[in-house]
Amino acid sequence: MAQARVKARAPRKESVFGERFAVFAECLLTGVWIAVACLGVVTYPAAFAAGARHLRRSTAHEGGGWREFVVDFREAVRGGWIVGLAGWAAVAAVWVDVQAARAGIPGGSFVGAVGLFALIGLAVAGLRAAAVWTPGARWRALLADAGRRTVLDPAGSFLLVGGLAVVACSALFVAPLAVPVLGAVAAAAVAVEERYRHR
């Protein structure tokens with residue numbers, strides 16, 4: 001009789017589908033937070049770092065919400081804005097390379113292709129660095145380690161390239177979809193880093 005009462009009072013466990021849908025919904029919401037935090041133009045590394053940390057907390061069933069995201073963002077933006085500025089400088093350099101290739105300058109197409117591949121590699125390394133960011137971590141060290149992981153884990157890196165391609169396609173076809181998809185890219189970066197850590 002007592003056992004029957006204990007069973008009746010035990011909380012019902014959430015279904016696997018329900019749990020996974022909750023994680024997906026959290027990713028979409030985090031994408032909106034990341035997009036808002038990226039409005040500072042050079043704040044995108046800090047935005048992804050705060051978003052990734054929020055998703056790590058969420059999947060570990062720890063507390064956290066918008067306020068914790070803002071606290072993490074403020075901490076990450078201290079050194080992260082320099083990374084964001086360097087990223088835009090890299091984009092400008094690749095744009096010049098592509099324009100040189102279009103103008104028909106000898107060797108321009110090769111330089112443009114190399115620049116484009118380097119930019120993609122930098123974006124992947126930046127996402128991987130943001131995925132493991134914690135308060136007090138130095139961006140230079142995070143990026144150096146992420147660069148090594150980008151090369152040593154090509155499967156994970158290609159997964160992130162695919163995530164970036166989804167964001168680009170979403171922006172081209174239905175621009176508002178790119179906003180929530182940013183959270184899915186942050187979640188993919190967290191998953192890639194977790195997979196690499198357990199290899």
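Start by selecting H61, which sits in the loop between α3 and α4. You are looking at a predicted model, so treat each stop as a feature of that prediction. The phi angle of H61 is near 60°, a positive value in a residue other than glycine. With a relative accessibility of 65%, H61 counts as exposed.

Next, go to V41 in the loop between α2 (16-37) and α3 (44-59). Here too phi is positive in a non-glycine residue, near 65° for V41. V41 is partly exposed, its relative accessible area being 48%.

Now select W66, part of helix α4 (residues 66-102). Is W66 buried or partly exposed? At 42% relative accessibility, W66 is partly exposed. Add V32, V36, L39 and V179 to your selection and show the surface: together with W66 they make up a nonpolar patch with about 450 Å² of accessible area.

Stay in helix α4 and move along to D72. This residue has 4% relative accessibility and so counts as buried. Leaving aside residues up to four places away in sequence, D72 touches A50, R53, R57, W133 and P135. Pick R57 from that list and display both side chains: R57 and D72 meet in a salt bridge, with N to O at 2.9 Å. Because R57 belongs to helix α3 and D72 to helix α4, the pair ties together parts 15 residues apart in sequence. Both partners, R57 and D72, are buried.

How many salt bridges does the structure hold? There are nine, and two further ones are worth a stop.

For one of them, select E193 and R149, whose closest N and O atoms are 2.6 Å apart in a salt bridge. This pair links distant parts of the chain, with E193 in helix α8 (residues 178-197) and R149 in helix α6 (residues 139-152), 44 residues apart. E193 is buried at 7% relative accessible area, and R149 is buried as well, at 12% relative accessibility. Widen the selection to R128, D153 and R195, and you have a network of salt bridges that includes E193 and R149.

Finish in helix α8 with R197 and E194, whose side chains meet in a salt bridge at 2.5 Å, N to O. The two are three residues apart in this helix, so about one helical turn separates R197 from E194. Colour them by accessibility: R197 is exposed, with a relative accessible area of 57%, while E194 is partly exposed at 32%.

How values were computed: Residues are numbered from 1 along each chain as its sequence is written. This is a predicted model: local features need pLDDT of at least 70, side-chain atom pairs count only at pLDDT 80 or more; totals for chains, interfaces and linings use all residues. Side-chain values use heavy atoms; hydrogens and water are left out. Patches are made of residues with over 30% relative accessible area and no salt bridge: like charges are joined within 9 Å, nonpolar side chains (Val, Leu, Ile, Met, Phe, Trp, Tyr) within 5 Å. Accessible areas come from the Shrake-Rupley method with a 1.4 Å probe; for residues, only the protein chains shown count as cover. A salt bridge is a side-chain nitrogen of Lys or Arg within 4 Å of a carboxyl oxygen of Asp or Glu. Helices (H or I, at least four residues) and strands (E, at least two) are DSSP runs, numbered from the N terminus. Buried means under 20% relative accessible area, exposed over 50%, partly exposed in between (1.4 Å probe, protein chains only). Contact means heavy atoms within 4.5 Å.
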